[in-house]
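Reader: I am new to this structure. Can you show me how to read its features one by one?

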Amino acid sequence: TERTCAMIKPDAFLNAGKIVNAIVRSNLRINQLRMCKLTQQEAAQFYAVHSERPFYPKLVDFMSSGPILAIEIVGEDAIAKWRSLLGPTNSETARAERPDSIRAKFGTDNTMNAAHGSDSDETATTELDFFFGSGRVG
Ligand code: ATP
C-alpha cells in the first residue's frame, strides 16, 4: 500500500464532503485529515518548487486565501489513483477531457483547481510531514 497527500484547496472547501466521498468510494482510506489556513509564507513553502514560474504569486495568494483540508490517503496505488480522480491540472481541460473528474466538477480554472495530489513517494513524504509532522503548519 501507498500513502499520498491530498489537499482540498480554498475554492473547493465547501465541496469537501463530496470530495471525501469520492475518495472513500474509490476504495482509498483516509488515515488523517485536518483543516487549516495557510499563511502566505506557508503556501509559498508548499509550492516552493514553482517559485520561478510566472503563476507563483497568484498561486500563493490563492492558496492562502481561505481554509483548506489536508488529507492523508492510504491504499493500493494511492498516488496514481488519487491523481486520476483529480483529472488534468487545468479545470477547463478537465471539463473537456475528463468531465467526471474532481477538477472538472469542482475546479474553476488553471490555478483554482479544487484539489492537490502528491506526484511521487518523495513528495508525499515531504507534504505529509508539512501537514501532519511534528513541526506541522497551522
Ligand atoms: P498539484 O501539485 O496541485 O496536485 P499538479 O501536479 O496537477 O497540481 P503542478 O504543475 O504541480 O500541477 O502545479 C501546481 C499548481 O500550480 C496547480 O495545481 C495549479 O494550482 C497551479 N498551476 C499549475 N500550472 C499553472 C499555470 N500554467 N497557470 C496557473 N496556475 C498553474
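Author: Start with one residue and place it among the elements. The model is predicted. Phe55 sits in the loop that links helix 2 (40–46) to helix 3 (56–63).

Reader: Is Phe55 buried or exposed?

Author: Count the neighbours. A residue with 12 or fewer other C-beta atoms within 10 Å is exposed. Phe55 has 12 of them within 10 Å, so Phe55 is exposed.

Reader: Which residues surround the ligand?

Author: Phe55 is one of them. The others in the shell are His50, Leu59, Thr89, Asn110, Thr111, Asn113, His116, Gly117 and Asp119.

Reader: How do the residues of that shell divide?

Author: Sort them by character. Two are nonpolar, seven are polar and one is charged.

Reader: Which residues does the UniProt annotation "binding site" cover?

Author: An annotation comes from a record, here an unreviewed UniProt entry. The record's "binding site" covers Lys9, Phe55, Arg83, Thr89, Arg103 and Asn113.

Reader: Take Arg103. Where does Arg103 lie?

Author: Arg103 belongs to helix 6, residues 102–106.

Reader: Why does Arg103 count as buried?

Author: The cut-off for buried is 20 or more other C-beta atoms within 10 Å. Arg103 has 25 such neighbours inside 10 Å, so Arg103 counts as buried.

Reader: What does Arg103 touch?

Author: Leave out residues up to four places away in sequence. Arg103 then touches Leu86, Gly87, Pro88, Ser91, Ala94, Asn113 and Ala114.

Reader: Back to helix 3. Which of its residues are buried?

Author: Read a helix by its sides. In helix 3, Leu59, Val60 and Met63 are buried. They lie on the same side of helix 3, because they cover an arc of only 95° around the axis. The face turned away from that buried side carries the exposed residues Pro57 and Asp61.

Reader: What do the buried residues of helix 3 pack against?

Author: They pack against helix 2.

Reader: Now the protein chain. What does its secondary structure come to?

Author: List the elements, then their order. The protein chain has seven helices and four strands. Along the sequence the pattern is β-α-β-α-α-β-α-α-α-β-α.

Reader: How does the radius of gyration of the protein chain agree with that of a compact globule?

Author: Set the value beside the expected one. A compact globule of 138 residues would have a radius of gyration near 14 Å, and the protein chain has 14 Å, so the two agree. Its C-alpha trace spans about 35 × 35 × 25 Å along the principal axes.

Reader: What share of the residues is buried?

Author: Buried residues make up 34% of the 138 in the protein chain.

Methods: Residues numbered from 1 in each chain as written. Predicted model: local features only at pLDDT ≥ 70, side-chain atom pairs only at ≥ 80, totals over all residues. UniProt positions renumbered as here; feature names shortened; annotations may be inferred. Helix = DSSP H or I, 4+ residues; strand = E, 2+ residues; numbered from the N terminus. Contact = placed C-beta atoms within 7 Å. Near = placed C-beta within 6 Å. Nonpolar A, V, L, I, M, F, W, Y, C, P; charged D, E, K, R; others polar. Rg over C-alpha atoms; globule rule 2.2 N^0.38 Å. Arc of directions from axis to C-beta.
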